[in-house]
Amino acid sequence: MTLVRRLLDQAARTPDGVALVSGNGAQLTYGELRRQVLAVRHGLLSAGLAEGDGVLFSVRPSPESLVLALGVVAAGGVVVFADPGAGPEMFTARLRLARPRWSAAESVLYAGSRLGMVRAYARRRGLLLPNLGELRIPGEDPIRHVHVGRRLPGVPRGSLPLADLLRGDAPEPESDTDPGAPAAVIFTSGTTAAPRAVVHSQASLAAALGLFRDRMPLGPGDVVHTDQLMLGLPTLISGARWSMPPLFCPPADFVRLMRERGATHTFCVPVHLAEILDAAPELPPSLRYVLLGAAPAPAGILERATRATSAEVLSVYAMTEILPVAIASAEEKLAHTASGAEGDLLGAPLPGVGARLADDGELVLSGPNLCRGYLGAEPFEELATGDLARLDNGRIILTGRKKDMLIRGKFNLYPGLYEPAIAALPGVDEAAIVGVPDPATGDEEVVLAVTGTADPARLRRELPAVIDHDALPDRVIVLDALPRSGRTRKLDRDRLRDLATRHRGRPG
């Protein structure tokens, strides 16, 4: 059964239930959600969308974007998630790899990427937008367009308004699409010369959603407050209610909406949860699950979370290629760190997920939730993660990233092996280790960066009790915040390395 079929069947069972609450409070029932998805599917097929057609997708999270994405997949198309803010060169490289036949974007983005005055305004603020209205793939027919929102100057002539698709006929499909066919393309990394994109099928996505539901029970009456698609979709398949926060929602408003809407589940990036707890030291009593993901959860944040709520606080380990992989409770992670054990406890692999170690300790994963492969490359059966780990009684313990390894003489230093223990020390909120080339010797200077109230001199006295002697830093610096990047706000080690270089010579 395809992912879309599961959602349509659930919607048919509870047509009067509220499926979605938007950022501004507007509600969409399951019956209307079902009708809109089928209407978009029918409208796109009538307009010529063919099975396997890629649809470049530049629409921010909203009920409209969800319906449009589901309608594309229901029609047999492939949603190619785009980031117009990646810069024209990277965007062009990704376009060349994906070769989409369609583009779906907000009207304001078409206008902003095409009108000279708006482009200049965006450029002054560091945003270099591609001209979405004039996308061309050499040797292909012109790209077709769908716009979200009212038509603005700059929207291509002949673009289909989503509003018209939503009002159209919504016949039942005679058959479902192939669950193993590509359904979503997600760009993750790479250069302009070699961009990398993950290809998921409806089958792999459905398997991922099932794993989330098995670990975090969901059903009618539950309210999930998140803007994350991979938690929102299992919400809808379960007949629960998806509460979407508004775009750029301040932490205090995020908590207020959870309280007003009776949220039972929520998802946060760890650094976002820290901001939420700064604004509201106590989370709403309706919460039963708080899921953390997209980045490691420091001990300090886990401790604050367990004090702020009676809900079960869970940390998920996942990659774009395979999600989720393992889920551990805050209590399990904190107990692991408190025991003096090294590394970051990720938990046991979820049912059906295979985990083994390569000869060099790299974690290799497999399972029904594994993507088909990378766009333009051969499919794979296993994923070499780039993460170093060990297996302890069936549990995965992360010890670092292969690319982050520092070499100090004959000692290989993996930052991820020691950062959790350092972050658990009094006065330390977060900790990160980077190597900075020493201009005098050519060796790498090991720099420990921390946030919080810890005194560097006191830290130096405490570190030998929690990390190996050969891992002790040459220098300790205290920062107001660790540099982060991207929507998930992951630690940016390159920028941290630059900061550590600029701090050279200062006390610490």
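Here is a walk through the structure above, from its overall build down to a few single residues.

A word on the ground rules: this is a predicted model, where local features need pLDDT of at least 70 and side-chain atom pairs count only at pLDDT 80 or more, while totals for chains, interfaces and linings use all residues. Residues are numbered from 1 along each chain as its sequence is written, and side-chain values use heavy atoms, with hydrogens and water left out.

Let's begin with the whole protein. It has 16 helices and 28 strands; these are DSSP runs, numbered from the N terminus, with helices being H or I over at least four residues and strands being E over at least two. Along the principal axes, the C-alpha atoms fill a box of roughly 70 × 50 × 45 Å. The radius of gyration is 24 Å, which agrees with the value near 23 Å that a compact globule of 508 residues would have. That radius is taken over C-alpha atoms, and the globule rule is 2.2 Å times the number of residues to the power 0.38.

How much of the protein is tucked away? Buried residues make up 54% of the 508, where buried means under 20% relative accessible area, exposed means over 50%, and partly exposed is in between (1.4 Å probe, protein chains only). The accessible surface comes to about 22300 Å², and 52% of that belongs to carbon and sulfur atoms; such areas come from the Shrake-Rupley method with a 1.4 Å probe, and for residues only the protein chains shown count as cover. As for contacts (heavy atoms within 4.5 Å), take those with a separation of 6 or more: 61% of them are between residues 24 or more positions apart.

Now for some strands. Strand 6 (residues 144-148) has four of its five residues buried, so it is largely enclosed by the rest of the structure. Strand 6 pairs in the parallel sense with strand 5 (residues 102-106) over five bridges, and two strands count as paired if DSSP finds at least two bridges between them. In that pairing, Glu 106 has Val 148 of strand 6 as its bridge partner. Strand 6 also runs parallel to strand 7 (residues 160-161), with two bridges, and here Val 146 is matched with Leu 160 in strand 7.

Strand 18 (residues 362-366) is mostly covered too, with four of its five residues buried, but its pairings are antiparallel. Four bridges link it to strand 17 (residues 354-357) in that sense, and Leu 357 finds its bridge partner in Leu 363 of strand 18. Strands 17 and 18 form a hairpin with four residues between them, and Gly 361 in the turn has a positive phi of about 90 degrees. Strand 18 is also joined by three bridges to strand 20 (residues 383-392), again antiparallel, with Glu 362 standing opposite Leu 388 in strand 20.

On to the helices. Helix 11 is mostly covered, as seven of its 10 residues are buried. Those buried residues pack against helix 10 (251-261), strand 12 (265-268), strand 13, helix 12 and strand 27 (484-485). One resident of helix 11 is His 272, which counts as buried because its relative accessibility is 18%. Leaving aside residues up to four places away in sequence, His 272 touches Phe 254 and Arg 489.

Helix 12 (residues 299-308) has buried residues including Ile 301, Leu 302 and Ala 305. Its buried residues pack against several elements, among them helix 11 (270-279), strand 13 (289-292) and helix 14 (415-423). In the loop between strand 13 and helix 12 sits Ala 295. Ala 295 and Lys 490 are 195 residues apart in sequence, yet 5.7 Å apart in space, C-alpha to C-alpha.

Finally, a few backbone oddities. Most residues other than glycine have a negative phi, and most peptide bonds are trans. Phe 248, however, has a positive phi near 55 degrees; this residue lies in the loop between strand 11 (241-243) and helix 10 and counts as exposed because its relative accessibility is 73%. Asn 393 also has a positive phi, of about 55 degrees, and is found in the loop between strand 20 and strand 21 (395-401). As for the peptide bonds, Leu 323 and Pro 324 are joined by a cis one, with omega about -15 degrees, and Pro 324 lies in strand 15 (residues 322-329).
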